[in-house]
There are 2 protein chains.
Amino acid sequence: MANIRDIAQMAGVSVTTVSRVINNHPYVSEEKREAVIQAMEKVNYQVNRTAVNLSQGKTHLIGVVVPFARHPYFGLLIEGVAKQAMERHYHFVLIQTNYEGSREWEALNMLKHKQIDALIICSRTLALDEIERYQQYGAIVVCENATGNQYVDSVYIDHYQSFTDALTYLHQHGYQQIGYCIGRQSGSNSYFRHQAYQDFLKRYPQQEFIFTDNYYFEDGQKIVDEIMQLRVKPDALLVSCDIVAAGIFTAVQNIGIEIPNDLALIGFDNQPMSKMMGITTFEVPIVTMGERLFIHALGEAETSHEKLAVTLIERKTV
Amino acid sequence: MANIRDIAQMAGVSVTTVSRVINNHPYVSEEKREAVIQAMEKVNYQVNRTAVNLSQGKTHLIGVVVPFARHPYFGLLIEGVAKQAMERHYHFVLIQTNYEGSREWEALNMLKHKQIDALIICSRTLALDEIERYQQYGAIVVCENATGNQYVDSVYIDHYQSFTDALTYLHQHGYQQIGYCIGRQSGSNSYFRHQAYQDFLKRYPQQEFIFTDNYYFEDGQKIVDEIMQLRVKPDALLVSCDIVAAGIFTAVQNIGIEIPNDLALIGFDNQPMSKMMGITTFEVPIVTMGERLFIHALGEAETSHEKLAVTLIERKTV
DNA sequence: TTAGAGGATGGAACGCGTTTCAGAGCAAGA
DNA sequence: TCTTGCTCTGAAACGCGTTCCATCCTCTAA
């Protein structure tokens with residue numbers, strides 16, 4: 001394959017001039033520009049991006065860390081990232097961690113080794129202060145409330161507030177045994193949600209109902225099975241993601257539990273599925289969040305930490 | 001940041017020796033090796049992957065083209081790719097096309113520009129012979145039956161066969177108005193399915209029922225709405241992906257259509273969701289397919305074209 | 001004693017764009 | 001006429017590992 005020096009020779013100019021033509025720099029006479037273009041077309045010349053990367057010290061590649069790429073929540077986040085990446089002529093490397101720390105380390109090392117320019121961490125298991133240290137190698141953005149942290153940027157929604165709002169809303173509708181379903185117990189977002197729940201329970205004492213490790217539709221069945229085992233059952237559930245809420249909605253239909261009379265449901269994310277099923281949920285701008293994460297990764301955000309607003313969508317499950 | 005020459009100087013050896021130490025080449029005395037390691041640790045040296053890439057003419061990066069990253073089918077495919085990538089110390093760049101040709105071109109150009117070593121095309125709109133031409137720049141693997149093509153590799157399942165099997169199965173169970181639901185109409189896999197359907201209709205004449213543009217759960221509702229408009233309704237549906245079948249299953253419950261008495265359902269892919277709902281479906285080894293795609297991309301497959309087997313999972317919707 | 005083999009090591013070229021800097025040419029303003 | 005300043009051009013250095021090739025040394029087999 002031809003390189004820039006071949007082209008220079010063919011066109012009878014220096015490599016500098018060829019480079020200028022390629023990158024549309026000024027100060028190239030029309031005839032030389034023409035000669036270079038001719039030569040490039042003749043041998044179907046293509047710049048070697050790796051060489052450009054080395055030369056510029058940039059890869060035009062962003063790393064995106066997700067625990068599960070095929071979860072609808074992360075799917076939408078990726079969608080947002082992809083959207084911005086495309087517009088800005090960047091690409092991204094997807095790193096699926098399954099919440100294994102070693103994979104997160106690997107992602108951080110890619111940053112260190114200059115394989116990527118910046119890193120977006122959508123969800124993590126490593127401690128934030130371990131991650132922070134890698135900031136010297138490139139921008140790091142997390143998708144959680146990291147306000148005050150001076151090393152990493154963040155884009156997040158206020159899970160404490162939205163959970164509190166939802167709990168209050170259920171309370172106002174007369175529900176008295178409110179539980180919640182969530183993915184993992186640890187993690188920053190889960191922490192804020194748990195706090196909101198605990199604080200709510202202090203205000204309105206009731207039994208605690210927490211169902212963990214729920215990510216997918218079929219986990220709705222699991223939750224329903226668990227509920228059926230309980231003597232005292234919750235009469236309302238806050239479900240951290242719509243797809244699980246949809247699973248509960250479906251699982252419940254065979255066993256005579258009526259929604260919302262016997263069981264109220266509030267989901268999260270306003271996935272199309274919840275619209276179809278009429279599930280009350282929170283509109284969370286996930287795609288926008290992905291886009292903003294990307295903007296932060298590029299260092300083009302005005303502020304380091306950015307909160308996005310959510311709104312409750314009232315439908316038929318409360 | 002320190003580079004290999006700094007290390008060489010610090011350790012009092014040549015860059016060649018440093019390189020040998022880094023890459024575990026033989027013929028380095030123990031004391032020099034030690035000195036190099038000392039120096040590297042002292043300044044926290046990290047190889048610059050971009051430089052390695054340029055030098056080796058490889059990026060250790062594979063491009064993965066999907067129309068929609070968040071569709072469960074492609075999600076599982078990505079899962080398989082990710083699995084192999086991790087094991088082999090590769091990474092992958094995800095290119096979401098939304099079936100826009102321009103994005104596919106972009107992916108092909110990444111190959112041309114040596115941004116990626118190989119390209120996996122999970123689904124495409126561009127013509128295969130346009131894609132073929134890029135094979136000179138790196139391996140290209142498609143996820144469809146491309147048997148006989150000498151330029152691209154392929155990993156696929158026999159959609160003609162599986163569709164025929166499913167149609168026959170429905171016929172044997174007494175269904176006489178069989179339709180099918182699919183994503184897009186064009187595309188290689190859709191073509192084979194359509195052929196199977198047409199050939200089946202020749203053997204057992206009946207009205208044709210084809211529902212297109214169905215990708216997600218909520219499209220199940222759309223299909224049911226369409227069906228309700230029809231004077232003559234299908235009594236069985238072959239649904240090209242489980243999530244849509246699940247959507248149909250759900251949508252139908254409110255309007256008094258009984259499954260499988262009024263409407264039989266066969267899905268595809270054996271997603272967990274279909275198990276929970278008891279939907280008869282085909283077990284398709286999607287994750288394995290993703291893995292195999294990756295192996296082919298690396299040029300480590302024994303054959304150019306590889307067919308994977310599917311099996312019918314009988315449940316309660318037929 | 002000698003030839004050959006294998007171990008150890010480094011110089012320099014290579015992969016390929018980008019960028020700095022110096023210099024030449026030429027026109028407009030002083 | 002002399003500056004100043006802009007246009008145009010190219011040599012060379014740079015970013016940073018990898019690898020080919022030559023060299024030197026030591027040890028073993030003949």
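1. In this predicted model, helix H1 (residues 4–11) of chain B packs against H2(B) at an angle of about 105 degrees, the two axes lying 8 Å apart. Angles of 65 to 115 degrees count as roughly perpendicular, and H1(B) and H2(B) are therefore roughly perpendicular to each other. On the H1(B) side the contact uses B:Ile4, B:Arg5, B:Ile7, B:Ala8 and B:Ala11; on the H2(B) side it uses B:Val15, B:Val18 and B:Ser19. Sorted by class, the residues of this contact are six nonpolar, one polar and one charged.

2. DNA strand D has 27 residues around it, of which A:Ser14, A:Ser29, B:Asn3, B:Ile4 and B:Ala51 come nearest. B:Ile4 also belongs to the contact of H1(B) with H2(B) described in point 1. Both chains supply elements here: helix H2 (15–22) and helix H4 (49–56) of chain A, and helix H2 (15–22) and helix H4 (49–56) of chain B, each give at least two residues to the surface near DNA strand D. That surface has 14 nonpolar, 12 polar and one charged residues.

3. DNA strand C is surrounded by 27 residues, and the closest are A:Asn3, A:Ile4, A:Ser55, B:Ser14 and B:Ser29. The elements giving two or more residues to this surface are H2 and H4 of chain A together with H2 and H4 of chain B. By class, the surface near DNA strand C has 14 nonpolar, 12 polar and one charged residues.

4. The contact between the chains takes 36 residues from chain A and 36 residues from chain B. On the side of chain B that touches chain A, two or more residues come from each of H4, helix H5 (72–87), strand E2 (91–96), helix H10 (217–229) and helix H12 (272–277) of chain B. H5(B) gives the most to this side, with six residues. The class split for the side of chain B is 17 nonpolar, 13 polar and six charged residues.

5. H5(B) also packs within its own chain, against helix H13 (residues 286–297) of chain B: the axes come within 7 Å and cross at roughly 50 degrees. How are H5(B) and H13(B) oriented to each other? An angle of roughly 50 degrees is neither under 35 nor over 145, nor in the range 65 to 115, and the two helices are therefore oblique to each other. The crossing is right-handed. Among the residues making the contact are B:Tyr73, B:Leu76, B:Leu77 and B:Val81 of H5(B), with B:Ile286, B:Met289, B:Leu293 and B:Phe294 of H13(B). By class, this contact has 12 nonpolar, four polar and three charged residues.

6. Strand E3 (residues 118–121) and strand E4 (residues 139–142) of chain B pair in the parallel sense over four bridges. Within this pairing, B:Ala118 has B:Ala139 in E4(B) as its bridge partner. E4(B) is also joined by two bridges to strand E5 (residues 153–157) of chain B, again running parallel. Here B:Val141 has B:Asp153 in E5(B) as its bridge partner.

7. Chain A holds an open sheet of six strands in the order E7-E6-E8-E9-E10-E12, with mixed pairing. Strand E7 (209–211) and strand E12 (311–313) of chain A stand at the edges; each has a single partner strand, so one side of each is left without a neighbour in the sheet. From one strand to the next, the twist averages 20 degrees. Inside the sheet, strand E8 (residues 236–239) and strand E9 (residues 264–268) of chain A run parallel and are joined by three bridges. A:Leu237 stands opposite A:Leu265 in E9(A). Helix H8 (residues 159–172) of chain A packs on the sheet, touching strand E6 (178–181), E8, E9, strand E10 (280–283) and E12 of chain A, and its direction makes about 160 degrees with that of E8(A).

8. In chain B, an open sheet of six strands has the order E7-E6-E8-E9-E10-E12, with mixed pairing. Its edge strands are strand E7 (210–211) and strand E12 (311–313) of chain B, each pairing on one side only. Strand E6 (residues 178–181) and strand E8 (residues 236–239) of chain B run parallel, joined by four bridges. The bridge partner of B:Cys181 in E8(B) is B:Val239. Helix H11 (residues 242–251) of chain B packs on this sheet and touches E6, E8, strand E9 (264–268) and strand E10 (280–283) of chain B. The direction of H11(B) makes about 155 degrees with that of E9(B).

Notes:
Residues are numbered from 1 along each chain as its sequence is written. Chains are lettered from A and ligands numbered from 1 in the order in which they are written. This is a predicted model: local features need pLDDT of at least 70, side-chain atom pairs count only at pLDDT 80 or more; totals for chains, interfaces and linings use all residues. A residue is near a molecule or strand if its C-beta atom, placed from the backbone, lies within 6 Å of it. Ala, Val, Leu, Ile, Met, Phe, Trp, Tyr, Cys and Pro count as nonpolar, Asp, Glu, Lys and Arg as charged, and the others, Gly among them, as polar. Two residues are in contact if their C-beta atoms, placed from the backbone, lie within 7 Å. Axes are lines fitted to C-alpha atoms, for helices over the stretch in contact, and angles run from 0 to 180 degrees between N-to-C directions. A crossing is left-handed if the near helix is turned anticlockwise from the far one by less than a right angle, and right-handed if clockwise. Two strands pair if DSSP finds at least two bridges between them.
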